[in-house]
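Here are some worked exercises to try with a structure open beside you. Have a go at each task before reading its solution.

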Amino acid sequence: MSGPAAGRYGRNPPSHLWAGPSRAQILVIAKEPVPGRVKTRLTPPFTPREAAALAAAALEDTLRTVARVPAARHVLVLDGVPGVWLPEGFTVLPQHGSGLDQRLAAAFDDAHRLLPVPTVLIGMDTPQVTPGMLALALSLLGIHDAVFGPATDGGFWLLGLRVPDPALLLGVPMSKPTTGEIQLRRLREAGLSVAPMPCLTDVDSAADASAVAALAPRSLFAVTLARTGRSIDRSIP
């Protein structure tokens, strides 16, 4: 299957593409959902406590989804302390580094050192992700050097590497409108074959929260958003 297949199948690829155990691992890089430390761009209109509740819901949705994907190992790379939201079966590793590029590079490096298999990394900001999408990313690493999932804000929500190398990430400017473009160029300039994944929306703003909840109306994230009682205008920048 060629790279464009990922885009063709979208959010629900056929089950035959991802059935059975995988010789690859999935990492989720996340912050402990503490009020005032997570999702600060959601305040206002949300209070710090509401923003942290939304972050916790997004993280729990993401971890539950990851847990359903057959993989060699499921890993949470955490800044903070695990809570009741962590499902069983996850290996927890601490984050290292100051900038996000350093933390991402260290996450790949630490996980690959402990288990040297292809690795897919996602964040906690896309609770609409499905098991099929993640399993497809794992399978694509069997025939590609890298898998890349762009985000609508210009960043990326998923990065998979068959053989991680810190040089692929260090120095890439993060949280910028051009982050994804620069990261993808870095992969290609290294001579890697890159399989594309569908473009998803990260939850960074109140408008993003509303859009993502609409895509996953049965998610804990959508339920938590509804409980705030706030009607969010999706046109909010």
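The exercises below concern a predicted model and go through its pockets, strands, one aromatic pair and two helices.

**Exercise 1. Describe the lining of the largest pocket.**

Solution. Start with the space itself: the largest pocket holds about 980 Å³. Next, look at what surrounds that space. The lining consists of 37 residues, and those nearest the centre are Arg 41, Leu 100, Asp 125, Ser 175 and Asp 204. Then sort the lining by character, which gives 16 nonpolar, 9 polar and 12 charged residues. Finally, trace the lining back to the secondary structure. At least two residues each come from strand S1 (25-31), helix H3 (100-114), strand S4 (119-122) and strand S6 (156-161). Of the contributors, S6 gives the most, with 4 residues.

**Exercise 2. Work out how S4 is paired with S1 and S6, and which way its side chains point.**

Solution. Take the S1 side to begin with. S1 and S4 run parallel and are joined by 4 bridges. As a landmark here, find Val 28, which stands opposite Ile 122 of S4. Now turn to the S6 side: S4 and S6 are antiparallel, again with 4 bridges. The landmark on this side is Val 120, whose bridge partner in S6 is Gly 160.

For the side chains, recall a general rule: in a regular strand they alternate between the two faces of the sheet. In S4, Thr 119 and Leu 121 point one way, while Val 120 and Ile 122 point the other way. All four of these residues are buried.

**Exercise 3. Find the aromatic pair and classify its geometry and its burial.**

Solution. A search of the whole structure turns up 1 aromatic pair. The partners are Phe 148 and Phe 156, with ring centres 5.6 Å apart and planes at 40 degrees, so the pair is tilted. For burial, the cut-off to apply is under 20% relative accessible area. Phe 148 has a relative accessibility of 5% and therefore counts as buried. Phe 156, at 15%, also counts as buried.

**Exercise 4. Decide whether helix H6 is mostly covered or mostly open, and name something that covers it.**

Solution. Count along the helix, residues 206-215: 8 of the 10 are buried, so H6 is mostly covered. Listing the buried residues gives Ala 206, Ala 207, Asp 208, Ala 209, Ser 210, Ala 211, Val 212 and Ala 213. Now ask what lies over them; the cover includes helix H7 (220-227).

**Exercise 5. Characterise the second largest pocket, then place Arg 64 in the helix that contributes to the lining.**

Solution. The second largest pocket has a volume of about 290 Å³. Its lining is made of 16 residues, with Thr 65, Arg 68, Pro 127, Val 129 and Ser 219 nearest the centre. By character, the lining splits into 7 nonpolar, 4 polar and 5 charged residues. Helix H2 (residues 48-67) provides the largest share, 3 residues.

Now move to Arg 64, which lies in H2. With a relative accessibility of 45%, Arg 64 counts as partly exposed, because that class runs between the 20% and 50% limits. To finish, compare sequence with space: Arg 64 and Pro 131 are 67 residues apart in sequence, yet their C-alpha atoms are 9.2 Å apart.

Definitions and conventions:
Residues are numbered from 1 along each chain as its sequence is written. This is a predicted model: local features need pLDDT of at least 70, side-chain atom pairs count only at pLDDT 80 or more; totals for chains, interfaces and linings use all residues. Side-chain values use heavy atoms; hydrogens and water are left out. On a 1 Å grid over the protein atoms alone, a cavity is a set of points where a 1.4 Å probe fits but cannot get out, and a pocket is an open set with protein on both sides within 12 Å along at least five of seven lines; lining residues have an atom within 4 Å of a point. Grid points are joined across faces, edges and corners, and a volume is the space filled by probe spheres set on the points. Ala, Val, Leu, Ile, Met, Phe, Trp, Tyr, Cys and Pro count as nonpolar, Asp, Glu, Lys and Arg as charged, and the others, Gly among them, as polar. Rings of Phe, Tyr and Trp (its six-membered ring) pair if their centres lie within 6.5 Å; planes under 30 degrees apart count as stacked, over 60 as edge-to-face and the rest as tilted. Buried means under 20% relative accessible area, exposed over 50%, partly exposed in between (1.4 Å probe, protein chains only). Contact means heavy atoms within 4.5 Å. Two strands pair if DSSP finds at least two bridges between them.
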